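Visitor: I should like to understand the terms used for this structure. Please explain how each one is justified.

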Amino acid sequence: VQLQASGGGLVQAGGSLRLSCAGSGRTFSSYFSSYVMGWFRQAPGKEREFVAAITWSGDSTSYADSVKGRFTISRDNAKNTVHLQMNSLKPEDTAVYYCAADTLTGPYGISWSQNQYAYWGQGTLVTVSS
C-alpha cells in the first residue's frame, strides 16, 4: 500500500495550491472507495493536526476550524485519488501535509483522530510566505 502526496510548494499569502494524493497497491486500490480519506498537517515544532476528511462516497466532509471556508477536500474513487484545494493561504498554513486512509470508519462517518488512520503518505511541504 502506498499513498503518494504531491502538489506542495512555495506560495505567497493569499495564493492557492491544490494537493493530490494517489493510492496504489492492489488491495488498497480495490478498497479505496471504502476508506475515509483525510489530510493532516504538521508545522515546524508542532504536533500533527487534523485538516480535513471525506466520507467513502464523498457526500460528506469535515474541516478543522482553522481552514473552514478556505480549503476543500474532494475525492475521485475511480482514480483512487483525493485532493485538497487550498485557497486564501496564510503563513500559518505552512506545514508538511499528509494524506491518510482510515480503514475502520464506516460509510457515513468521519474521523478526526489520527489513530483511526492506518495508511499514511510521505507528506508534501507547503510554504506560505508573507
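Guide: Thr124 is buried, with a relative accessible area of 10%. This is a predicted model, in which local features need pLDDT of at least 70, side-chain atom pairs count only at pLDDT 80 or more, and totals for chains, interfaces and linings use all residues. Residues are numbered from 1 along each chain as its sequence is written, and side-chain values use heavy atoms, leaving out hydrogens and water.

Visitor: Why is Thr124 called buried?

Guide: Buried means under 20% relative accessible area, exposed over 50% and partly exposed in between, with a 1.4 Å probe and protein chains only. The relative accessible area of Thr124 is 10%, so Thr124 is buried.

Visitor: Why is Asp65 called exposed?

Guide: The relative accessible area of Asp65 is 65%, so Asp65 is exposed.

Visitor: What makes Asp65 and Lys68 a salt bridge?

Guide: A salt bridge requires a side-chain nitrogen of Lys or Arg within 4 Å of a carboxyl oxygen of Asp or Glu. For Asp65 and Lys68, the closest N and O atoms are 3.1 Å apart, so the pair satisfies the rule. By this rule there are four salt bridges.

Visitor: How do you know that Asp93 and Arg41 meet in a salt bridge?

Guide: Their N to O distance is 2.9 Å, so the pair falls within the 4 Å limit. Asp93 lies in the loop between β8 and β9 and Arg41 in strand β4, so the pair ties together parts 52 residues apart in sequence. Asp93 and Arg41 are both buried.

Visitor: Which residues are linked in a network of salt bridges?

Guide: The network links Arg41, Glu49, Arg70 and Asp93.

Technical notes:
Helices (H or I, at least four residues) and strands (E, at least two) are DSSP runs, numbered from the N terminus.
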